[in-house]
Amino acid sequence: MSASVYFAIVMAIAAFTMAVVLVRECGRRRRVDWERALLREIIEALPGGFVAWDADDRLIMHDAEFVRAYNLSTDAIRPGARFEDVIRAGVRAGQYVDAVDHEDFVRKTIEDHRLGGQVFERRMPDGSWLLVSEKRMAGGGIVGVRTDITALKRVEAALAAAIARAEHLARHDPLTGLPNRAAFDVALASACAAPGTSALLCIDLDGFKAVNDRLGHAAGDAVLRQAADRLRDVAASAMVARLGGDEFAVVVSEASDPTQSEFMAECLVRTLQRPYRFGESCITDVGASIGLAFDVGQGPEALARAADDALYVAKQAGRRTWRKSEQRNWLAARVDSSHRISDEIKRSVRS
């Protein structure tokens, strides 16, 4: 075989080999391009903002949803940008509503980010909410997804408000907004269990039934609401409750000075007999009788009975007045009783 023929064969083989390599390389590149396009399509189809950082915390890739979520940081969101620089740019632009202390916020955000694997909620400047999920990859980088949970937060807020309203209604009178009997029972027991003296005022509106009979229940409701407002004003430092109908109560905790509770009772009698408004009408025949009793260690039930007994005395005295319970000091009575029993035992022994 001549040299020229041999050389031609070698060149043909080389050309064929090169063609095969080029075809394979083109195929590989087309495969890579296809895979990249598919990856980008998948990322853009994710229900949330996607972002990836390399092991040095530099931005590798992100989708359009991520940029829309952090629209105030758009200029800083570019491939190769450092995580810290993106955060600082966002802080300066007002991207983070929770960044009260800027340096502390940046430091804490970087520390949490570097830990990887965190999941937390972030409130955005436009009032929306994102669920931020980050996970560290085997190569050291971090992949993050931002999911819009604004609708969920609204449902949570609505549910919390509904629960709060239900709890409020369970412990408050719907007409006057005052605590109801259930709340009163708790407050009275708590006041009696606390150190110091407590006071209880039981209040009945005089002439209320006549208003209902003459002007109707709408007028009666107007009187009850106005009476509740007056009770709140006079007894602002105490717990005011509506027990039912035209019955109210005031629990005064730490009533160390009895004269203050007595003064309150006197003020309430005067305030509750002022005229009441109902439309164009002026209702002048409503007043109040009040019974006042002090806690001397007898417990909430006995205190309530003592105040109710004092209220009965006030009504017997002509109404539109107040009376204080004349009960003896319960502890002193117990001591006196013990002394009497002891004296009787001693006399029996001596005899």
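This dialogue goes through one strand sheet and several salt bridges in a predicted model.

Q: In what order do the strands of the open sheet stand, and how are they paired?
A: The order across the sheet is E7-E8-E6-E11-E12, five strands with mixed pairing. Neighbouring strands here are turned by 20° against each other on average, with direction ignored.

Q: Which strands stand at the edges of this sheet?
A: Strand E7 (239-244) and strand E12 (322-324) do. Each has a single partner strand, so one side of each is left without a neighbour in the sheet.

Q: How many bridges join E7 to E8, and do the two run parallel or antiparallel?
A: Five bridges join E7 to strand E8 (residues 247-252), and the two run antiparallel. To find the register on screen, take Val240, which stands opposite Val250 in E8.

Q: How do I read a salt bridge, and how many are there?
A: Look for a side-chain nitrogen of Lys or Arg within 4 Å of a carboxyl oxygen of Asp or Glu. By this rule the model has 21 salt bridges. One of them joins Asp57 and Arg114, with the closest N and O atoms 3.4 Å apart.

Q: Which parts of the chain does the pair of Asp57 and Arg114 tie together?
A: Asp57 lies in the loop between strand E1 (49-53) and strand E2 (59-62), while Arg114 is in helix H4 (residues 102-115), so the pair ties together parts that are 57 residues apart in sequence.

Q: Is Asp57 buried or exposed?
A: Buried means under 20% relative accessible area. Asp57 has 12%, so Asp57 is buried.

Q: Where do Glu134 and Arg146 lie, and are they buried or exposed?
A: The side chains of Glu134 and Arg146 meet in a salt bridge at 3.4 Å, N to O. Glu134 is in strand E4 (residues 129-136) and Arg146 in strand E5 (residues 142-148), twelve residues apart. Both Glu134 and Arg146 are buried.

Q: What does the salt bridge between Asp206 and Arg319 tie together?
A: Their side chains meet at 3.4 Å, N to O. Asp206 lies in strand E6 (residues 199-206) and Arg319 in the loop between helix H10 (300-316) and E12, so the pair ties together parts that are 113 residues apart in sequence. E6 and E12 both belong to the five-strand sheet.

Q: How exposed are Asp206 and Arg319?
A: Asp206 is buried, with a relative accessible area of 4%, whereas Arg319 is partly exposed at 44%.

Q: Which residues join into one network with this pair?
A: Salt bridges that share partners join Asp204, Asp206, Lys315 and Arg319 into one network.

How values were computed: Residues are numbered from 1 along each chain as its sequence is written. This is a predicted model: local features need pLDDT of at least 70, side-chain atom pairs count only at pLDDT 80 or more; totals for chains, interfaces and linings use all residues. Side-chain values use heavy atoms; hydrogens and water are left out. Two strands pair if DSSP finds at least two bridges between them. Helices (H or I, at least four residues) and strands (E, at least two) are DSSP runs, numbered from the N terminus. Axes are lines fitted to C-alpha atoms, for helices over the stretch in contact, and angles run from 0 to 180 degrees between N-to-C directions. Buried means under 20% relative accessible area, exposed over 50%, partly exposed in between (1.4 Å probe, protein chains only).
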